[in-house]
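This report describes selected local features of a protein model, covering helix packing, buried polar side chains and backbone geometry.

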Amino acid sequence: MKQLAQPKNTTRRQFLKASTAATGGLVIGFNLAGGNKFARAQAPQPVNLNVPNAFLRIAKDGSVTVQVKHLEFGQGVMTSLPMLVAEELECDWTKVRAELAPAAPVYAHTAFGMQATGGSSSVVNSWEQLRTVGAMARTMLIAAAAKQWKVDPAKCRAEKGVVIGPAGKKATYGALAEAANATKVPEKVALKDAKDFKIIGKPTRRIDAATKVNGAAKYGLDLTRKQLPNLHTALVKHPPVFGARVGKIDASKVTGIPGVTHVVQVSNGVAVVAKNFWAAKLGRDALVVEWKMEDGSKVSTADLKKSYRDLAATPGPVAKAGNVEALKTAAKTVSAEYDVPFLAHAPMEPLNCTVELKAGSCEIWVGSQFQTVDQGAAAKVAGLKPEQVKLNTLIAGGGFGRRGNPVSDYVIEAVEIAKDAKVPVKTVWTREDDIKGGYYRPQYMHKVTAGLDANGKIAAWNHVIVGQSIAAGTPFEGFMIKNGVDDTTVEGVADTPYDIPNMHVVSHTTKSAVPVLWLRSVGHTHTAFVMETMMDDLAKAAGKDPVAFRREYLGKHPRVLKVLEMAAEKAGWGGPVPSGVGRGIAVHESFGSVCAHVVDVSIDKGQIKVLRVVSVIDCGLVVNPLTVTAQVESAMVYGLSAALYGQITMKDGVVEQSNFHDYPVLRMAEMPKMEVHIVPGGTAPTGVGEPGTPPIAPAVSNAIFALTGKRLREMPFKV
């Protein structure tokens with residue numbers, strides 16, 4: 001995805017003050033009219049003041065609770081977003097709390113126009129919004145104190161949760177909260193200059209860390225009958241191959257299993273509902289379903305590869321036009337083909353969604369990245385209006401895009417089951433269910449020919465990409481696909497920061513029965529791999545150092561150049577490398593940020609060992625350096641897992657992998673030494689969660705090439 005635009009047109013804001021009856025404190029909500037490309041898919045809904053739409057609540061005891069509108073699934077929004085509020089509020093950070101907000105229009109993403117978490121944008125889109133909320137609350141608290149003291153508000157100030165007035169007058173936020181709620185909401189507030197920040201930019205430990213360590217934090221899977229009486233559990237027997245439909249159902253061996261209560265046919269399978277997970281599991285194992293196979297369901301990885309190569313040899317939609325005829329006069333050419341496989345998201349916490357239907361209402365508990373979309377989809381299935389669906393967002397154990405599905409697959413399924421069973425139901429997808437029958441990062445094939453002139457300069461670049469579109473068939477198709485090109489397929493290539501002459505990019509979109517979805521870093525997961533290894537190949541062909549070669553094409557992008565050079569410096573690029581060790585570098589721009597990795601590798605008994613990774617990121621103004629470091633490290637690990645192990649393969653339509661034993665992720669014992677360096681500066685934050693993933697695979701490939709002279713062009717890597 002592209003970098004998100006900062007909120008604009010601040011004069012159009014509407015600030016909303018909600019009732020204090022429930023809390024006895026100050027409650028502030030906030031709505032920003034506007035939106036960008038995603039707003040075109042689903043327009044923002046009118047704000048309903050009767051829903052709990054406040055961002056900020058100050059209680060009488062002085063505690064400050066911030067409603068976090070984005071899903072927390074490891075990225076640290078329960079801390080970084082409250083930091084934005086606290087900075088302008090001038091409150092006592094030790095009294096700041098965080099709660100996940102429910103689904104409500106007031107929590108719409110300022111750029112997407114709907115409540116959603118994705119695109120490395122949680123801090124980016126909240127940057128101005130939440131600071132404004134904090135500044136407004138501070139202004140109202142000061143106004144309340146000034147009114148009580150009968151002094152000019154300009155003679156009062158706020159500090160660490162206390163308003164201080166003339167002659168040593170003091171009042172805590174807790175004592176002022178209720179009175180503040182009766183003051184006029186300011187039309188406009190001035191925000192701090194960065195040089196005055198006291199909280200933003202300071203390493204801050206996570207508010208939610210303790211609860212995640214001691215088990216107090218509640219994930220979707222933790223919901224039990226203690227919280228929701230009569231809660232049942234459902235598992236679904238999904239089609240063995242994509243596109244198959246339910247035929248005959250034989251449940252004769254299911255109904256006798258203790259605990260099993262219902263067998264329910266849903267749109268994509270047959271669910272067994274029981275009083276506990278294991279009864280549902282035994283029931284599903286005993287269930288017999290005859291499936292109606294479709295012609296397109298017998299897809300295989302080998303067949304797809306062949307068909308992709310055949311398609312790459314034909315003309316296709318042009319994503320970027322360049323004069324490829326210039327290749328005919330090149331002094332040298334480098335041609336290569338690349339293959340990257342389907343990938344599963346494989347979150348640590350398996351997918352789950354709990355639904356309780358009552359007359360005229362539906363309540364859902366789910367770790368959703370798309371609250372607005374899921375709320376609307378659930379309402380449609382339940383036969384209700386969206387405002388009749390209460391969606392409670394729970395923290396999730398990972399997601400990587402899987403919990404943000406435009407078609408709300410597992411949420412719809414959960415509502416279908418609860419609607420038929422007529423009991424509260426927690427629908428669970430085991431990890432095997434999701435890996436064998438979920439959604440995937442598409443398989444892609446790249447074909448590239450690049451030429452050098454007599455001076456070792458790039459003369460032309462012809463790039464063809466073949467793969468499925470993740471936007472086709474979704475509500476986002478209208479603005480994400482232009483002239484036959486899915487923007488997410490070519491991002492990182494068609495908009496490369498390298499100033500390459502005569503660059504021509506073609507994108508072929510394929511179709512298959514395999515359902516596809518964005519995965520952490522989206523198109524950059526494969527385009528960075530190709531771009532950065534090709535740049536290394538061209539540097540080799542030109543007889544130049546890889547860093548020096550890249551430098552020649554980054555004159556118009558000093559930010560990318562700075563990250564490249566800083567990474568090289570921090571890693572000791574050009575210095576001695578231990579015997580048996582290869583060193584590689586890659587840099588890539590995505591989600592508004594730039595990240596580079598320098599990787600040291602060795603090969604032990606045919607296995608690649610990543611020894612050290614030195615990372616540099618420029619993500620604009622940093623809110624919490626601890627979060628940025630953690631995100632870069634986790635993104636690097638996620639990308640490294642894909643580079644070394646990740647692949648979903650299919651034979652006769654059946655996915656061959658099922659769980660972490662045959663779809664492994666990097667183990668702790670395999671972790672390399674890591675250093676993360678952050679480029680200081682910037683006037684606003686840019687993306688953090690994803691930019692660390694794309695450059696890790698090419699950096700490893702380049703390191704292996706430096707060590708062995710062998711170029712790896714297919715993931716996962718094999719030597």
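A crossing of two helices is called right-handed if the near helix is turned clockwise from the far one by less than a right angle, and left-handed if it is turned anticlockwise. The model discussed here is a predicted one.

**Helix packing**

By that definition, the crossing of α1 and α2 is right-handed. Helix α1 spans residues 77–89 and helix α2 spans residues 122–149; their axes lie 6 Å apart and make an angle of about 40°. Angles under 35 degrees count as roughly parallel and 65 to 115 as roughly perpendicular, and α1 and α2 are therefore oblique to each other. On the α1 side, the contact is made by V77, S80, L81, L84, V85, E88 and L89. Their partners in α2 include W127, L130, R131 and L141. By class, the contact of α1 with α2 has 11 nonpolar, 4 polar and 3 charged residues.

A second helix pair is formed by α12 (residues 524–542) and α16 (residues 696–708), whose axes come within 8 Å and cross at roughly 30°. Because angles under 35 degrees count as roughly parallel, α12 and α16 are described as roughly parallel to each other. The crossing of α12 and α16 is right-handed. Here A528, F529, E532, T533, D536, D537 and K540 of α12 meet A697, P698, S701, N702 and F705 of α16. This contact of α12 with α16 comprises 5 nonpolar, 3 polar and 4 charged residues.

**Buried polar and charged side chains**

Several side chains with polar contacts are placed in strands or loops. The table lists these contacts.

| Side chain | Partner | Distance |
|---|---|---|
| R441 | T525 side chain | 2.8 Å |
| R583 | D600 side chain | 2.7 Å |
| R583 | G572 backbone oxygen | 3.4 Å |
| E72 | V77 backbone nitrogen | 3.2 Å |
| H109 | F112 backbone nitrogen | 3.2 Å |

R441 belongs to strand β21, residues 440–441. With a relative accessible area of 2%, R441 is buried. Leaving out residues up to four places away in sequence, R441 touches V340, P341, F342, L343, L517, L519, T525 and H526. Of these, V340 is 101 residues away from R441 in sequence, yet the two C-alpha atoms are 9.7 Å apart in space. The side chain of R441 also joins that of T525 in a polar contact of 2.8 Å.

R583 is located in strand β27, residues 582–590. Its relative accessibility is 12%, and because buried means under 20%, R583 counts as buried. Beyond its neighbours within four places in sequence, R583 is in contact with residues including W573, V598, D600 and R612, as well as N702, A703 and A706. Two polar contacts involve the R583 side chain: one with the side chain of D600 at 2.7 Å, and one with the backbone oxygen of G572 at 3.4 Å. The C-alpha atoms of R583 and P680 are separated by 26 Å, with their positions 97 residues apart along the chain.

E72 is found in the loop between β4 (64–68) and α1. This glutamate is buried, at 0% relative accessibility. Its side chain reaches the backbone nitrogen of V77 at 3.2 Å. V77 is also among the α1 residues that meet α2. Apart from residues up to four places away in sequence, E72 touches V77, M78, L100, R206, D208, K212, I395 and A396.

H109 is placed in the loop between β5 (96–100) and α2. It is buried, with a relative accessible area of 2%, and its side chain reaches the backbone nitrogen of F112 at 3.2 Å.

**Backbone geometry**

Most residues other than glycine have a negative phi, and most peptide bonds are trans. Which residues have a positive phi although they are not glycine? One is S521, with a phi of about 85°; another is D652, with a phi of about 55°. S521 lies in the loop between β26 (503–510) and α12, and it is buried at a relative accessible area of 0%. D652 lies in the loop between β30 (650–651) and β31 (654–655), and is exposed, with a relative accessible area of 51%.

The peptide bond joining M715 and P716 is cis, with omega about 0°. P716 is found in the segment after α16.

Methods:
Residues are numbered from 1 along each chain as its sequence is written. This is a predicted model: local features need pLDDT of at least 70, side-chain atom pairs count only at pLDDT 80 or more; totals for chains, interfaces and linings use all residues. Side-chain values use heavy atoms; hydrogens and water are left out. Helices (H or I, at least four residues) and strands (E, at least two) are DSSP runs, numbered from the N terminus. Buried means under 20% relative accessible area, exposed over 50%, partly exposed in between (1.4 Å probe, protein chains only). Contact means heavy atoms within 4.5 Å. A polar contact is a pair of N or O atoms within 3.5 Å; within protein, one must be able to donate a hydrogen and the other to accept it, and residues adjacent in sequence count only if both atoms are side-chain atoms. Axes are lines fitted to C-alpha atoms, for helices over the stretch in contact, and angles run from 0 to 180 degrees between N-to-C directions. Angles under 35 degrees count as roughly parallel, over 145 as roughly antiparallel, 65 to 115 as roughly perpendicular and the rest as oblique. Ala, Val, Leu, Ile, Met, Phe, Trp, Tyr, Cys and Pro count as nonpolar, Asp, Glu, Lys and Arg as charged, and the others, Gly among them, as polar.
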